[in-house]
Amino acid sequence: MIEPGTPRRLGLPAPESRLRFDAELQESGGGPRRRLLMVDDEPAFELSFYCGTCPFLFRRLDGAREKLSLEGIQERLTGALDDPDDGGVMDAYGTLLPQGEYLPLLLSVEPRLVVPGEEGDYFSGEQVTTWGIDQFWGLPEYPHTPYYRTFETAVDADTHLYEFVVPMVPPTWNDRERVAEYVTLMERGTVPTAVAISTLDVCEPAVGMPIDHYQHWGLTHFLLDGHHKLEAAATVGRPVQILSLLALGEGLAGAEDCARLPALRARPRSARPSGT
């Protein structure tokens with residue numbers, strides 16, 4: 001954690017914003033079916049289900065096929081920011097966001113690239129230990145994208161915070177020369193900045209289901225700018241900043257939970273002991 005900002009109103013009213021949160025409805029007109037992050041009115045990511053007892057989720061969909069960088073602000077993001085308001089970055093990216101209240105968090109992360117199903121995958125590791133595998137598919141949840149793990153810490157004895165950075169497009173789509181340029185800059189000591197819209201989902205399984213019952217807090221940063229920077233940082237094990245714009249009221253978390261994030265994110269990183 002570098003510095004939190006104060007909650008502020010950002011974004012444009014629908015349909016002017018490129019990003020928005022939405023719910024897919026049942027064809028019969030019943031309750032919501034999927035909770036979604038939309039890009040240009042197309043479903044880009046499926047998010048954790050509303051019930052709060054289903055497993056935490058981000059799942060890439062067909063609408064996640066474009067990065068959302070802003071050319072006019074790129075030079076300012078080549079290096080580190082001093083605070084969330086530095087250089088007008090927050091207001092610039094506010095033009096992409098749906099209108100609402102956001103908590104700015106300026107974070108320092110050392111990302112680790114994870115491929116679903118391989119070592120370090122949350123969905124086939126910690127999540128299966130708590131919820132088990134999907135009863136219909138007989139498999140763990142599958143996010144349909146590589147992603148970055150950056151931080152975790154205990155909230156309390158029965159609650160653990162997990163942080164993820166999710167690219168809009170997979171790292172295989174990145175330009176190899178640009179990744180190499182950032183690798184060189186980072187090896188010289190530069191700490192560039194990425195920008196993300198973020199959500200906090202609090203999920204806890206129903207009583208009697210899990211092997212290891214505890215509450216999972218999933219802090220997810222969906223990258224708007226910084227795809228090459230995150231891959232470069234993961235490649236050379238160097239830090240990168242993330243300006244996280246946490247969408248208050250759009251995650252599965254109350255105002256009190258979101259207000260705890262700056263203090264939790266300032267704690268030392270700690271893994272949850274298995275089976276505790």
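**Rings, helices and backbone: questions on a predicted model**

Author: A search of the whole structure, a predicted model, finds 15 aromatic pairs.

Reader: Why is the pair of Tyr-122 and Phe-164 called edge-to-face?

Author: The ring planes stand at 70°. Planes over 60 degrees apart count as edge-to-face. The centres lie 5.2 Å apart, and the limit for a pair is 6.5 Å. So Tyr-122 and Phe-164 form an edge-to-face pair.

Reader: What makes this a link between distant parts of the chain?

Author: Tyr-122 and Phe-164 are 42 residues apart. Tyr-122 is in the loop between β8 (112-114) and α2, while Phe-164 is in strand β10 (residues 159-166).

Reader: How do you know whether Tyr-122 is buried or exposed? And Phe-164, buried or exposed?

Author: Buried means under 20% relative accessible area. Tyr-122 has 1%, so Tyr-122 is buried. Phe-164 has 0%, so Phe-164 counts as buried too.

Reader: What makes Phe-136 and Trp-137 an edge-to-face pair?

Author: Their planes are at 90° and their centres 4.9 Å apart. The cut-off is over 60 degrees, so the pair is edge-to-face. Both residues are exposed.

Reader: Which residues do ring pairs link into a cluster?

Author: The cluster holds Phe-56, Phe-58, Tyr-122, Phe-123, Tyr-147, Tyr-162 and Phe-164.

Reader: Turn to the helices. Why are α3 and α4 called oblique to each other?

Author: Helix α3 (residues 176-187) packs against helix α4 (residues 227-236) at about 55°. Angles from 65 to 115 degrees count as roughly perpendicular, and those under 35 as roughly parallel. The angle of about 55° fits neither range, and α3 and α4 are therefore oblique. Their axes are 8 Å apart, and the crossing is right-handed.

Reader: Which residues meet there?

Author: From α3 come Arg-176, Arg-178, Val-179, Tyr-182, Val-183, Met-186 and Glu-187. They meet His-228, Lys-229, Glu-231, Ala-232, Ala-233 and Val-236 in α4. By class, that contact has 7 nonpolar, 1 polar and 5 charged residues.

Reader: What about the backbone: why is Asp-41 called partly exposed?

Author: Its relative accessible area is 49%. Partly exposed lies between 20% and 50%, so Asp-41 qualifies. Asp-41 sits in the loop between β4 (32-39) and β5 (42-47). Its phi is positive, about 65°, although Asp-41 is not a glycine. Most residues other than glycine have a negative phi.

Reader: And what makes His-144 partly exposed?

Author: His-144 has 44% relative accessibility, so the label is again partly exposed. Phi of His-144 is also positive, about 60°.

Reader: Where is the cis peptide bond?

Author: The bond joins Ala-14 and Pro-15, with omega about 5°. Pro-15 lies in the loop between β2 (8-10) and β3 (19-25).

Technical notes
Residues are numbered from 1 along each chain as its sequence is written. This is a predicted model: local features need pLDDT of at least 70, side-chain atom pairs count only at pLDDT 80 or more; totals for chains, interfaces and linings use all residues. Side-chain values use heavy atoms; hydrogens and water are left out. Axes are lines fitted to C-alpha atoms, for helices over the stretch in contact, and angles run from 0 to 180 degrees between N-to-C directions. Helices (H or I, at least four residues) and strands (E, at least two) are DSSP runs, numbered from the N terminus. Angles under 35 degrees count as roughly parallel, over 145 as roughly antiparallel, 65 to 115 as roughly perpendicular and the rest as oblique. A crossing is left-handed if the near helix is turned anticlockwise from the far one by less than a right angle, and right-handed if clockwise. Contact means heavy atoms within 4.5 Å. Ala, Val, Leu, Ile, Met, Phe, Trp, Tyr, Cys and Pro count as nonpolar, Asp, Glu, Lys and Arg as charged, and the others, Gly among them, as polar. Buried means under 20% relative accessible area, exposed over 50%, partly exposed in between (1.4 Å probe, protein chains only). Rings of Phe, Tyr and Trp (its six-membered ring) pair if their centres lie within 6.5 Å; planes under 30 degrees apart count as stacked, over 60 as edge-to-face and the rest as tilted.
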